[in-house]
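Thank you all for coming. I would like to take you through one structure this morning, and I will say as I go what each term means.

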2 protein chains.
Amino acid sequence: ELREAVVALLRPKPQILSGKQVVITAGPTREAIDPVRYISNHSSGKMGFALATVAQQLGATVTLVAGPCQLSTPYGVERVDVISADDMLQAVEAVIDAADIFIGCAAVADYRPQKVGSTKIKKNSESLVLEFTRNPDILATVAARKKPPFTIGFAAETNDVVNYAAGKLTRKKLNLIAANDVSDTQIGFNSDDNAMTLLWHDKNNELQQRALGRDSKTAIAEAILTQANQLLNNATS
Amino acid sequence: ELREAVVALLRPKPQILSGKQVVITAGPTREAIDPVRYISNHSSGKMGFALATVAQQLGATVTLVAGPCQLSTPYGVERVDVISADDMLQAVEAVIDAADIFIGCAAVADYRPQKVGSTKIKKNSESLVLEFTRNPDILATVAARKKPPFTIGFAAETNDVVNYAAGKLTRKKLNLIAANDVSDTQIGFNSDDNAMTLLWHDKNNELQQRALGRDSKTAIAEAILTQANQLLNNATS
């Protein structure tokens, strides 16, 4: 991280996000079933941390709201650690008022157990039925604000990726969505590489898309942030 | 780990487990719900890895069957990485024939989802019901063998710890059980310290117990292995 910061200082990137406040969520969330058990997902947090690293290098003031993951804090980035989706929403809401760009990169658990046991559940029966309830949708909550920041979502899917992402872009009123196919183990989740398709609506509300070929998550992050900045400038010019 | 190995060489422990084969399970297991979601628990694997480290230093040949955890392999120990309870049972069964001592220290998920989705479950509804089925009981399976190794179990509970552990000792036909209270965050799970109560039946089938006060997981591991070796020698003498 320090090494990256030094490289960034020696080869400064264009400060296109100078003066911008960027809030990024990253990693998985964990939803408690009881004091020892939880439900989670395979997100490593690498994509969100890469976005935070690059946004800072592009001149932004960055707050990174991170679920449980094993990554060190990028240089110059303010990090807030959280566990559950509810925690994450609260942490985002505490900082979102001032944000120009919100990037919901975390793999937020869609559901949490309806009841959380205060003591460890005993394994008395051959089967167990757990009821889950929907978690808050952090991305949609941010995008539905009266004065929403430029809101970027991610769609990690195993099938029909681009169609699903286009639906999510419209339904959640996002400004930009980055879609990737997590069934390909060469990219996504624990991998250091990624490949994505960016989707957005232009001024005439036409769906636009741009493919980002397989590259490091850092390079993908720079492409996403550059595209976002361009759309943000078009919208405000 | 190398440092510990050097210290161990300079100050060799009594080789009480020389010639003994020890199989240890450690860490959590992860049970897939679909390609991205899973259920797991907060076990760090530290206690099992400490047992493997110390057993090797006491002269044993050690196989460590480890669920997903972030720990490096102890010096001189053969490590087999697994994900689910089914994987773990398979890995244990592959090496258990030759084992003198089996230590089931992993926090094996008691239940796994009945059906594993081959594609990511979409979040269409406000609630979700998942059915779980019991996982194999690795400890009981090993203890129920025709010629079982000396079998050591663990009971990590949040309430009524010693009573529950005594029941588990009898029900699963274990030779020794180490019980701890995981509701105390100073010890257990992610902590480097632990405090335990050892329980076993003596030759007259009377329940015996010995409290191990709060200490490093390495010191607790040595106490457990020394107790086990003493009981094993008594039984075979």
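I will begin with how the two chains are related, then turn to a sheet, and end with a single serine.

Please keep in mind that this is a predicted model, in which local features need pLDDT of at least 70 and side-chain atom pairs count only at pLDDT 80 or more, while totals for chains, interfaces and linings use all residues. Residues are numbered from 1 along each chain as its sequence is written, chains are lettered from A in the order in which they are written, and side-chain values use heavy atoms, without hydrogens and water.

Chain A is superposed on chain B by a rotation of 180° with 0.0 Å of shift along the axis, at an RMSD of 0.0 Å, by least squares on the C-alpha atoms of residues with pLDDT of at least 70 in both. That is the relation of a two-fold axis, and the C-alpha of chain A nearest to this axis belongs to Ile39(A), at 2.1 Å.

Now the sheet: four strands (DSSP runs of E, at least two residues) form an open, antiparallel sheet in the order 7(A)-8(A)-8(B)-7(B), where pairing requires at least two DSSP bridges. Strand 7 (111-113) of chain A and strand 7 (111-113) of chain B stand at the edges, each with a single partner strand, so one side of each has no neighbour in the sheet. Within chain B, three bridges join strand 7 to strand 8, residues 127-134, and Tyr111(B) has Arg134(B) as its bridge partner.

Finally, is Ser44(B) buried or exposed? Ser44(B) counts as buried, at 12% relative accessibility, where buried means under 20% relative accessible area with a 1.4 Å probe, protein chains only.

Notes: Buried means under 20% relative accessible area, exposed over 50%, partly exposed in between (1.4 Å probe, protein chains only).
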